[in-house]
Every structure is written in C-alpha cells, then in structure tokens.
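Biologist: Hello! Could you walk me through this model, starting with the overall layout and ending with a few individual residues?

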Amino acid sequence: MKKTLLILVVILSAISFKTNAQESIKSFIGSWDYECIDAPYEYSTGILIIKQKDNKPVVEVLYNDGTKIVAESVKIIKGILFFDIYVEDNPINIELKKVDANLSGKVLNGYNEELIITASKKK
C-alpha cells in the first residue's frame, strides 16, 4: 500500500511540474522587440522570437541586419528564461524575467561585463 501511494505521489508531482513548466514557457512565447543599450550598435536592438517546439522552449535572435541566431541551452527556472548565444565567437549568457507586460534582465558577455536588456512584445 505504501509503495502504491509513493508511486502515485511521484506521478502527480511529475505531472504538476510539467504543467508549471509549460505555463511558464507560455508566458514568454511571442516576438519581442529587445534593446540592450550598452551592447555594440549592431547588436543593441533586434527581435527575440520565443516559441515552444516539442514541449521545449526555443529562442531565436533576429538582428536588424537580418542575421538570425538560434539560442542554445534554453531553459526556464522559477519564471526566469535563460539562454546562451555566440556573437563573434564570444559566449553571451542572457536571462530574462517577465515584469508586467515586458521582459527585463541581464546579459553577461564574454568580457564578464553585465549589461541590461529589456524587451516589449510586438503587436
């Protein structure tokens, strides 16, 4: 009996965790105009395209010159979206949190500089 109860609790916990993860992904899905003022000019503005594919978050960064980069290591932990990109062979770590109707966060570039990034949802 105890074994059956334990299995039931584990299954319910897994279902609950998956549901919470999907809900947090849904809050980020869409196209977002981003701005990172202190980044080099060509990377300071663009579009973040956040979607879900095979129940996993996917992030694409579209720069104003048309270049598109697909992010790596995309994950959402406690309502914060984390992902990595490479710009000119330099690793860039980005974390974003939903604040009201916008995204706000920080960028850690390859030189260990922390920059502020904000994004608003495209209409």
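Here are our questions and answers on this predicted model.

Biologist: Glad to have you here. What pattern of helices and strands does the chain follow along the sequence?

Modeller: The chain has one helix and nine strands. Read from the start of the sequence, the order of these elements is α-β-β-β-β-β-β-β-β-β.

Biologist: Thanks! What share of the residues in the chain is buried?

Modeller: Let me put the surface next to that. The accessible surface of the chain is about 8400 Å², and carbon and sulfur atoms hold 56% of it. Of the 123 residues in the chain, the buried share is 32%.

Biologist: Now the strands. How many bridges join β2 to β3?

Modeller: Let's come to it from β1, residues 30-35, which runs antiparallel to β2, residues 45-53, with six bridges joining them. In that pair, Asp33 stands opposite Ile47 of β2. On the β3 side, Leu48 is opposite Val61. β3 covers residues 56-63 and is also antiparallel to β2, and the bridges between β2 and β3 number eight.

Biologist: Lovely. Which residue in the loop between β2 and β3 is partly exposed, with a relative accessible area of 46%?

Modeller: The hairpin of β2 and β3 has two residues between its strands, and Asp54 there takes a positive phi near 55 degrees. The loop between β2 and β3 also holds a residue with phi near 60 degrees, a positive value in a residue other than glycine. At 46% relative accessible area, the partly exposed residue is Asn55.

Biologist: And in the loop between β7 and β8, is Asp100 buried or exposed?

Modeller: Asp100 sits in the loop between β7 and β8, and its phi is positive, near 55 degrees, although the residue is not glycine. The cut-off for exposed is over 50% relative accessible area. Asp100 has 75%, so the residue is exposed.

Biologist: On to the interior. Which strand gives the most residues to the largest nonpolar core?

Modeller: Nonpolar side chains tend to be buried together in soluble globular proteins. Here the largest nonpolar core has 28 residues, and those with the most contacts inside it are Tyr63, Leu81, Phe83, Ile85 and Leu96. At least two residues each come from β1, β2, β3, β5, β6, β7, β8 and β9. With four residues, the strand that gives the most is β6.

Biologist: You mentioned Ile85. Which residues is Ile85 in contact with, leaving aside neighbours within four places in sequence?

Modeller: Ile85 is one of the core residues with the most contacts inside the core. Beyond its sequence neighbours within four places, Ile85 is in contact with Val61, Tyr63, Ile69, Ala71, Asn90, Pro91, Ile92 and Ile94.

Biologist: One loop caught my eye. Why does Asn109 count as buried?

Modeller: Asn109 lies in the loop between β8 and β9. Not counting residues up to four places away in sequence, Asn109 touches Pro91, Ile92 and Leu115. Buried means under 20% relative accessible area. Asn109 counts as buried because its relative accessibility is 12%.

Biologist: Last one, then. Which side chain makes a polar contact at 2.7 Å with the side chain of Asn109?

Modeller: The Asn109 side chain also reaches a backbone atom, the nitrogen of Tyr111, at 2.9 Å. The polar contact at 2.7 Å is between side chains, and the partner of Asn109 there is Glu113.

Conventions. Residues are numbered from 1 along each chain as its sequence is written. This is a predicted model: local features need pLDDT of at least 70, side-chain atom pairs count only at pLDDT 80 or more; totals for chains, interfaces and linings use all residues. Side-chain values use heavy atoms; hydrogens and water are left out. Two strands pair if DSSP finds at least two bridges between them. A nonpolar core is a set of buried Ala, Val, Leu, Ile, Met, Phe, Trp, Tyr and Cys residues joined through side-chain atoms within 4.5 Å. Buried means under 20% relative accessible area, exposed over 50%, partly exposed in between (1.4 Å probe, protein chains only). Contact means heavy atoms within 4.5 Å. A polar contact is a pair of N or O atoms within 3.5 Å; within protein, one must be able to donate a hydrogen and the other to accept it, and residues adjacent in sequence count only if both atoms are side-chain atoms. Accessible areas come from the Shrake-Rupley method with a 1.4 Å probe; for residues, only the protein chains shown count as cover.
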